[in-house]
Amino acid sequence: MSLSVRAHLKRDGFDLDVDMDLPLEGVTSLFGRSGCGKTTLLRIIAGLEKVRGAHVRFGGQVWQGDRQFVPLHRRRIGLVFQEHSLLPHLTARDNLLYGYRRTPKQHRRLHLGEVAEMLDISALLDRPVDRLSGGQRQRVSLGRALLTSPQLLLLDEPLSALDTQTKREIMPFLSRLSGEAGVPIILVTHAPDEVERLADRVVFMRDGRIERSESLKQALARPDSPLFADEGAVSVLEGSLGETGERGLRPFAAGTTQLWVGAADDLPTGRSCRLRILARDVSLALDDPRRISIQNHLPVTIERIDPFRDHRCLVSTRTTDGQLLLAEITMRASAQLGLAPGVPVYALVKSVALVG
Amino acid sequence: MTGLGPEDWQAIEVTFRLCLYTTLILLVIATPIAWWLSSGRSAGRVAVQAVVALPLVLPPTVLGFYLLIVLGPRGFVGGTLEAMGLHHLAFTFEGILIASVIYSMPFAVQPLTEAFNNLGRRPVEVASSLGANAVDRFLTVILPLTRGGFVVAATLTFAHTLGEFGVILMLGGSIPGETKVLSVLIYDHTEAMNYDSAHRLSLMLLIFSFITLFIVYSMTRRFRVARV
């Protein structure tokens with residue numbers, strides 16, 4: 001499936017100029033600072049912003065053309081907004097069923113029972129909307145969008161109005177969504193950690209323009225990636241969770257590489273998931289130190305060394321299964337150890353976060 | 001027992017018919033106007049807003065005078081009707097109905113505009129994304145969520161039409177059963193030094209208007225609470 005958008009919009013000093021052709025599979029993240037035009041682009045895709053002369057095509061369907069405009073209610077798009085947008089005069093159940101009832105029977109792929117179970121909202125169905133917490137509301141909104149069995153799911157910063165705790169509660173649902181519901185997702189966000197957790201592909205936007213569109217792997221392989229602006233460089237390792245914990249830690253396997261991660265016991269074994277590792281939490285050693293509190297020692301090979309900020313450098317290394325792991329160390333340390341491309345070292349990982 | 005004569009009853013009947021029709025017509029006309037006014041700001045909208053509010057500041061005689069000219073036998077509308085073999089609209093019930101609709105317009109448009117502004121566009125966008133078409137959205141989202149605005153608009157329109165005098169006197173004259181409404185009849189009674197009758201009708205209007213406004217204001221309070 002692919003989405004192509006061509007739109008030009010000039011309004012109150014804001015200039016949006018977009019011409020993109022996007023393969024849609026899994027989660028595509030539209031990333032950029034506030035005011036860069038990502039929400040406007042999302043609204044053009046949805047048909048909420050009617051920009052003259054714009055072209056929007058989804059797969060074989062022309063949503064907006066020269067003489068054609070398909071209104072939102074016939075585009076079969078699921079929309080989830082930043083702030084709570086449940087219809088206040090309806091219960092959670094009636095909100096969930098509002099779209100379901102308006103979806104022709106032959107299009108219905110998801111039903112109330114399974115969606116309620118997937119999002120863990122079965123117990124909330126008969127509550128009025130004002131008696132739901134922020135996180136519950138956002139889950140009901142997601143469920144409501146899914147129950148229209150949409151061809152495309154547009155999420156406009158669905159987590160940014162939630163506190164950290166609630167965010168943590170919803171993230172797992174979001175990361176399972178695309179796979180389980182089988183719907184391509186476009187996620188608008190300005191938070192790098194959401195991209196790293198959820199996205200398969202990233203579209204970078206700046207000042208109303210698309211800077212580049214690449215896979216998450218490519219986006220994380222550039223030392224100058226905009227994703228690194230806040231917290232510094234980050235690596236994402238993909239793998240699966242092993243069985244049985246040991247003192248609160250569970251094994252995580254990525255090919256022949258194994259790490260110990262803090263994970264709840266109720267997470268199913270074998271589920272594929274991601275680890276998020278900050279480059280500054282990774283140290284490098286020429287030998288494998290035995291008597292040290294750091295649990296995760298990974299044999300890696302240095303691929304390249306790039307100067308970073310403040311007399312530090314970013315060392316790109318490859319794990320034994322070929323995944324990229326970044327380490328941020330000082331120039332001095334790099335010179336002392338004689339680090340260079342091709343040198344095998346041990347990456348000592350001080351902390352990892354299991355995401356999605 | 002009420003002491004009302006047949007003339008009084010006739011005026012009451014004309015008045016309530018006028019109020020009812022005006023209210024129904026205005027709800028239909030004012031809803032799209034208010035929706036459009038609440039959906040953004042532009043020079044066109046400001047102009048329409050000003051035109052709609054004109055009856056609030058114009059002397060009723062001014063409005064009545066222009067309507068008399070336009071709807072009368074030599075006016076644009078009245079003349080056209082005459083040319084088509086119909087009757088012009090001055091001194092008719094239809095004439096004062098048109099006048100009432102214009103004169104009470106702000107009392108329907110303003111509460112609805114405010115209700116739509118408070119509603120915002122988000123619930124409507126949500127409903128569209130869930131597959132609801134325009135009529136469906138109006139009936140299942142807009143109407144239930146702005147019902148307070150509709151009640152206020154209807155009540156104020158009704159009450160304001162009840163209190164009309166100048167416009168009707170200018171355009172409708174005082175034809176029993178056709179254009180003689182309560183306010184005009186009270187004027188006639190007073191002119192004829194018929195103070196008892198004037199008193200009875202005045203008191204009736206006073207009490208009725210008070211009760212109506214009391215209901216409206218208690219409802220706006222309730223709806224405001226319910227919105228939060």
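The following paragraphs describe the strands, cores, chain interface and helices of a predicted model. Local features are reported at pLDDT of at least 70 and side-chain atom pairs at pLDDT 80 or more, whereas totals for chains, interfaces and linings use all residues. Residues are numbered from 1 along each chain as its sequence is written, chains are lettered from A in the order in which they are written, and side-chain values use heavy atoms, with hydrogens and water left out.

In chain A, 5 strands form an open antiparallel sheet in the order E2-E1-E4-E5-E6. Strands here are DSSP runs of E with at least two residues, and helices are runs of H or I with at least four residues, both numbered from the N terminus; two strands are taken to pair if DSSP finds at least two bridges between them. Strand E2 (14-23) and E6 of chain A occupy the edges, each with a single partner strand, so one side of each is left without a neighbour in the sheet.

Within this sheet, strand E4 (residues 55-58) and strand E5 (residues 61-65) of chain A are antiparallel and share 3 bridges. Arg57(A) is placed opposite Val62(A) of E5(A), and Phe58(A) opposite Gln61(A) of E5(A). The two strands E4(A) and E5(A) make a hairpin with 2 residues between them, and Gly59(A) in the turn has a positive phi of about 55°. E5(A) is in turn joined by 2 bridges to strand E6 (residues 68-69) of chain A, again in the antiparallel sense. Gln64(A) has Phe69(A) in E6(A) as its bridge partner, and the hairpin from E5(A) to E6(A) passes through 2 residues.

The largest nonpolar core holds 40 residues, of which Leu3(A), Val5(A), Ile45(A), Leu154(A) and Ile186(A) touch the most other members. Such a core is a set of buried Ala, Val, Leu, Ile, Met, Phe, Trp, Tyr and Cys residues joined through side-chain atoms within 4.5 Å; buried means under 20% relative accessible area, exposed over 50% and partly exposed in between (1.4 Å probe, protein chains only). Helix H1 (residues 38-46) of chain A gives the most to this core, with 5 residues. Another core, of 37 residues, lies apart from it and includes Ile121(A), Leu147(A), Val183(A) and Leu187(A). In the largest core, Leu154(A) has contacts (heavy atoms within 4.5 Å) with residues over four places away in sequence, among them Leu42(A), Ile45(A), Ile77(A), Leu79(A), Val80(A) and Ile186(A).

A polar residue is also enclosed in chain A. Glu194(A), in helix H6 (residues 192-198), is buried, with a relative accessible area of 3%. Its side chain makes a polar contact of 2.8 Å with that of Thr189(A). A polar contact is a pair of N or O atoms within 3.5 Å; within protein, one must be able to donate a hydrogen and the other to accept it, and residues adjacent in sequence count only if both atoms are side-chain atoms. Leaving aside neighbours within four places in sequence, Glu194(A) is in contact with Leu159(A), Lys167(A), Met171(A), Thr189(A) and Ala199(A).

At the interface, 17 residues of chain A are in contact with 17 residues of chain B. The two chains bury about 1,500 Å² between them, 63% of it on carbon and sulfur atoms; buried area is the accessible area (1.4 Å probe) that two parts lose on being put together, summed over both. His73(A), Tyr98(A) and Arg102(A) account for 36% of the area that chain A buries against chain B, more than any other three residues. The interface has 3 salt bridges, each a side-chain nitrogen of Lys or Arg within 4 Å of a carboxyl oxygen of Asp or Glu. One of these joins the side chains of Arg43(A) and Glu125(B) (2.8 Å, N to O). Between the chains, 6 residue pairs are in polar contact (both at pLDDT 80 or more).

Chain B contains 12 helices and 0 strands. Its C-alpha atoms fill a box of roughly 65 × 50 × 30 Å along the principal axes, and 45% of its 228 residues are buried. Of the contacts in chain B between residues at least 6 apart in sequence, 71% join residues at least 24 apart. In helix H11 (residues 182-191) of chain B, the buried residues include Leu182(B), Val184(B), Leu185(B), Ile186(B) and His189(B). Just after H11(B), Met193(B) adopts a positive phi of about 60°.
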